[in-house]
Amino acid sequence: MTQLAQLEQQLAGEQRLLVGFSGGLDSTVLLHQLTLLRQRQPTLQLRAIHIHHGLSPCADSWVQHCRAVCEAWQVELEVVAIKVDGRDSGIEGAAREGRYQAFRDSLRTGEALVTAQHLDDQCETLLLALKRGSGPAGLAAMPVRLMLGAHRLLRPLLSRQRAELEKWAEEYQLRWIEDESNQDTRYDRNFLRQRILPTLSERWPHFAVAVARSAALCGEQEQLLDELLAESLAARTEPDGALRIDGFAAMSEARRAALLRRWIAGCGGQMPSRDAIRRLWLEVINAREDAAPRLRLGDHEIRRYREKLYWLPLRPSVRALILPWKEVTRPLPLPHDLGILQLAESGTEVRPPRADETVTVRFQAQGRFAIEGRSGHRSIKKLWQECDVPPWRRESTPLIFYNETLIAALNTFVCREGSAVAGNAWRIAWLRERENKR
């Protein structure tokens with residue numbers, strides 16, 4: 001089967017493609033082959049995206065090269081500049097994270113992302129996973145296809161070696177960019193590519209093919225585990241995404257770890273290390289009952305509340321904020337993706353403020369309060385507990401104040417001082433763009 005026929009088979013059914021186009025050999029060959037495929041299939045819609053990392057003094061000239069190539073091949077090109085901060089995950093990891101975030105932001109409805117990783121890249125990825133001490137999921141390296149949010153990510157060149165791509169480029173006299181950083185062996189992937197793999201391939205010419213086969217076998221084992229554990233995981237996962245952990249102590253360590261990994265993956269998290277799973281078990285799940293344990297994983301954290309684990313985005317504290325709501329007829333945006341407040345036909349019902357009362361939104365209160373439907377006064381901590389509000393939501397639930405008087409905790413309770421009179425009430429809706437119930 002020719003390379004073009006193989007590509008056509010792998011992309012069967014796809015009509016809208018966004019191609020990750022660095023301008024290097026691999027992505028140039030991929031984009032060229034897709035333009036030839038488009039001649040066979042005129043309904044195929046192609047776009048390309050080039051990520052300007054700003055890490056090389058040549059980056060601007062690479063943009064010009066990619067624009068020229070796409071113009072010649074009549075492919076729409078989007079150029080996205082990103083900032084790479086390697087302090088947490090290193091330059092390589094931060095650059096990759098930035099690229100894929102740009103891909104997610106650029107994808108249009110019905111488009112699939114196509115990238116140009118090949119068999120030699122797969123070999124490098126597995127060896128890097130070995131270096132990190134990864135398990136079968138990490139050793140499965142890169143799948144040919146997977147979901148990137150609501151879109152498909154396809155790697156149609158994953159079974160081809162770089163030498164095949166070089167031969168194609170030579171046959172069609174293609175021009176491509178040579179990134180000078182690819183020679184810098186301070187980066188792990190370049191070290192493998194320049195120093196280690198040539199020696200291994202000289203000794204064992206089919207080493208990369210064998211490694212790719214091992215990765216595929218690890219992938220099959222992970223898929224089998226997914227199928228075997230799917231029912232158990234579904235039974236423990238709440239509608240809001242929380243994971244029930246009752247009975248975890250009776251499980252084998254291997255089963256427990258496998259469930260935790262799949263739950264984290266289902267939440268969109270990166271595959272945790274063995275040490276992270278151990279810390280999750282010891283420091284979070286087995287923390288004392290009255291504790292509020294948490295474990296940070298990347299830009300999220302896992303917290304426990306009442307025999308459940310919750311996957312939560314990291315957000316700056318808003319406890320000290322006081323937001324004036326001067327024009328209550330207009331929506332009030334809340335910071336850090338906490339949503340929007342507005343008057344609506346449904347929502348938390350309170351009395352309107354008097355003429356001498358100003359409205360503010362806050363995120364902490366102190367003292368004892370009497371609320372509708374209950375006798376006596378209770379501390380704010382006791383109210384949160386009785387209303388079954390997890391600690392992190394106590395820190396981010398909008399509190400409506402009239403002057404210095406707490407009127408309501410939205411979607412949770414209304415104080416007696418805020419009780420509405422029939423026929424004269426406000427209804428304040430808290431609209432959250434992202435899931436905030438966890």
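In the predicted model, helix H11 lies across strands S8, S9 and S10 and runs at about 155° to S8. These strands belong to an open sheet of 4 strands in the order S7-S10-S9-S8, in which the pairing is antiparallel. S7 and S8 occupy the edges, each with a single partner strand, so that one side of each is left without a neighbour in the sheet. Between S8 and S9, which run antiparallel, there are 4 bridges, and within this pairing the bridge partner of Leu 297 is His 300 in S9. The loop that leads from helix H11 (274-285) to strand S8 (294-297) contains Glu 289, a residue that is exposed, with a relative accessible area of 78%. The C-alpha atoms of Glu 289 and Gln 161 are separated by 54 Å, the two residues being 128 residues apart along the chain.

Helix H10 also packs against this part of the model. The helix comprises 14 residues (253-266) and reaches 20 Å from its first C-alpha to its last, close to the 20 Å expected at 1.5 Å a residue. Its buried residues are Arg 256, Ala 257, Ala 258, Leu 259, Leu 260, Arg 262, Trp 263 and Ile 264. An α-helix has 3.6 residues a turn, so residues three or four places apart point the same way. The buried residues of H10 pack against two helices, H9 (207-236) and H11, and against the strands S7 (243-244), S8, S9 (300-304) and S10 (308-313). Just after H10, Gly 268 adopts a positive phi of about 95°.

A side-chain interaction links H10 to helix H9. Glu 222, which lies in H9, is buried, since its relative accessible area of 14% falls under the 20% limit. The side chain of Glu 222 makes a polar contact, at 2.9 Å, with the side chain of Arg 262, itself one of the buried residues of H10. When residues up to four places away in sequence are not counted, Glu 222 touches Pro 136 and Ala 137 in addition to Arg 262.

A second open sheet is formed by 6 strands in the order S3-S2-S1-S4-S6-S5, and here the pairing is mixed. The edge strands are S3 (76-81) and S5 (145-148), each of which pairs on one side only. Neighbouring strands of this sheet are turned by 30° against each other on average, with direction ignored. Helix H2 packs on the sheet, where it touches S1, S2 and S4, and the direction of H2 makes about 160° with that of S1.

Within this sheet, strand S1 (residues 16-20) is mostly covered, as 4 of its 5 residues are buried. S1 is joined by 5 bridges to strand S2 (residues 45-52), and the two strands run parallel. In this pairing, Arg 16 stands opposite Gln 45, while Gly 20 stands opposite Ile 49. The connection between these strands involves helix H2 (residues 25-40), and S1, H2 and S2 together make a right-handed β-α-β unit. S1 is also joined to strand S4 (residues 112-114), here by 3 bridges, and these strands likewise run parallel. The bridge partner of Leu 17 in S4 is Ala 112.

Contacts of helix H4 were examined at Arg 99, which has its place in this helix (residues 90-106). At 27% relative accessibility, Arg 99 counts as partly exposed, because this value lies between the 20% under which a residue is buried and the 50% over which a residue is exposed. Leaving aside neighbours within four places in sequence, Arg 99 is in contact with Ile 51, His 53 and Ile 82. Arg 99 and Ala 320, which are 221 residues apart in sequence, are 35 Å apart in space, as computed from C-alpha to C-alpha.

Note on methods:
Residues numbered from 1 in each chain as written. Predicted model: local features only at pLDDT ≥ 70, side-chain atom pairs only at ≥ 80, totals over all residues. Heavy atoms only, no water. Buried < 20%, exposed > 50% of the residue type's maximum accessible area, 1.4 Å probe, protein only. Expected span 1.5 Å × (residues − 1). Contact = heavy atoms within 4.5 Å. Pairing = 2+ DSSP bridges. Right-handed = clockwise from strand over helix to strand, strands pointing away. Polar contact = N/O pair within 3.5 Å; in protein donor to acceptor, adjacent residues only side chain to side chain. Axes fitted to C-alpha atoms, helices over the stretch in contact; angles between N-to-C directions.
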